[in-house]
Amino acid sequence: MRRRLVLGVGTSAVAALAASAPPAVLQDGVATLFATAGAYALVRSFDMLTERRLLEKSLSRKIVHVLSGILFMASWPLYSNSTGARYFAAVVPFLNSMRLLTYGLRIYTDEALVKSVSREGKPEELLRGPLYYVLVLLFSVLVFWRESPIGIVSLSMMSGGDGFADIVGRRYGSVKLPFNEKKSWAGSISMFISGFMVSAIMLFYFSSFGYIHVSWEEAFGKLAFVALAATIVECIPVTDVVDDNISVPLATMLVAFLLFGSNTQ
């Protein structure tokens, strides 16, 4: 009986709090819970596939790389039109960054996570590429959000373009670039095509909700130029100095800003 009363009081308190919350806050809170659960489920699903050896570790890592950014952007329309909506959305990459820091610094261990998102299976690797990736998501949602094509295109190139470049390059990249033996023609061409296509799809997606206006006669040419710039940056042999998860989105943001400005035209 006592337990029922405690549960009853707790349930009533939560219900009262939810009823008193503004509709926008409630909507954004639910969207954040949904996006957080989805991000966790995505990584865990590929953890299991890697553990059971149903998927190669390198392929699993890159599929997570591709899907994480795209699905995170796809969740943005779930949020309200309030000024605080972006901060609710930012909770998702923030929590993921804390998770990577926790396991990367070996405060806690999660071998399945490390194997699915790192190259060599070392916890400290989480503090490099994977952490940079999540921080770029956090930066983009706070600075650009869904009303600017700059963040949308930069995340599309980082997730879709760079992700597919690695997947295709590992399998069909026997012919290497003359100035960078770690990169291949197949990977670079794949990055250009997939980055362009994902960017166009995501721009269409957000324009269909009315967040941005797209003049497609000009947008395709600009996207091709952005994709080319991002591909060139990804090809440059500086990965030992600057990670692709930093260089590609920053270069894309710069070129997209010069071409698109704050709104697609």
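**Gly 69, Ile 201 and a pocket: a quick chat**

Me: Leaving aside neighbours within four places in sequence, which residues is Gly 69 in contact with?
Reply: This is a predicted model, by the way. Once you skip the neighbours within four places in sequence, there's still a short list for Gly 69: Tyr 133, Leu 137 and Ser 159.

Me: Is Gly 69 buried or exposed?
Reply: Gly 69 sits in helix H3, which covers residues 57-74. Buried means under 20% relative accessible area. Gly 69 has 0%, so it counts as buried.

Me: How far apart in space are Gly 69 and Met 158, C-alpha to C-alpha?
Reply: Along the sequence, these two are 89 residues apart. In space, going from C-alpha to C-alpha, the gap between Gly 69 and Met 158 is 8.1 Å.

Me: And what about Ile 201, buried or exposed?
Reply: You'll find Ile 201 in helix H8, residues 185-208. To be called exposed, a residue needs over 50% relative accessible area. Ile 201 has 52%, so the word for it is exposed.

Me: How much accessible area does the nonpolar surface patch with Ile 201 have together?
Reply: Ile 201 shares this patch with Val 175, Trp 185, Ile 189, Ile 193 and Met 197. Taken together, their accessible area is about 600 Å².

Me: Which helices each supply at least two residues of the lining of the second largest pocket?
Reply: That pocket has a volume of about 160 Å³. Its lining includes Trp 185, Ser 188, Ile 189, Leu 228, Thr 231 and Cys 235. The helices that each supply at least two lining residues are H8 and H9 (216-235).

Key: Residues are numbered from 1 along each chain as its sequence is written. This is a predicted model: local features need pLDDT of at least 70, side-chain atom pairs count only at pLDDT 80 or more; totals for chains, interfaces and linings use all residues. Side-chain values use heavy atoms; hydrogens and water are left out. Patches are made of residues with over 30% relative accessible area and no salt bridge: like charges are joined within 9 Å, nonpolar side chains (Val, Leu, Ile, Met, Phe, Trp, Tyr) within 5 Å. Accessible areas come from the Shrake-Rupley method with a 1.4 Å probe; for residues, only the protein chains shown count as cover. A salt bridge is a side-chain nitrogen of Lys or Arg within 4 Å of a carboxyl oxygen of Asp or Glu. Helices (H or I, at least four residues) and strands (E, at least two) are DSSP runs, numbered from the N terminus. Buried means under 20% relative accessible area, exposed over 50%, partly exposed in between (1.4 Å probe, protein chains only). Contact means heavy atoms within 4.5 Å. On a 1 Å grid over the protein atoms alone, a cavity is a set of points where a 1.4 Å probe fits but cannot get out, and a pocket is an open set with protein on both sides within 12 Å along at least five of seven lines; lining residues have an atom within 4 Å of a point. Grid points are joined across faces, edges and corners, and a volume is the space filled by probe spheres set on the points.
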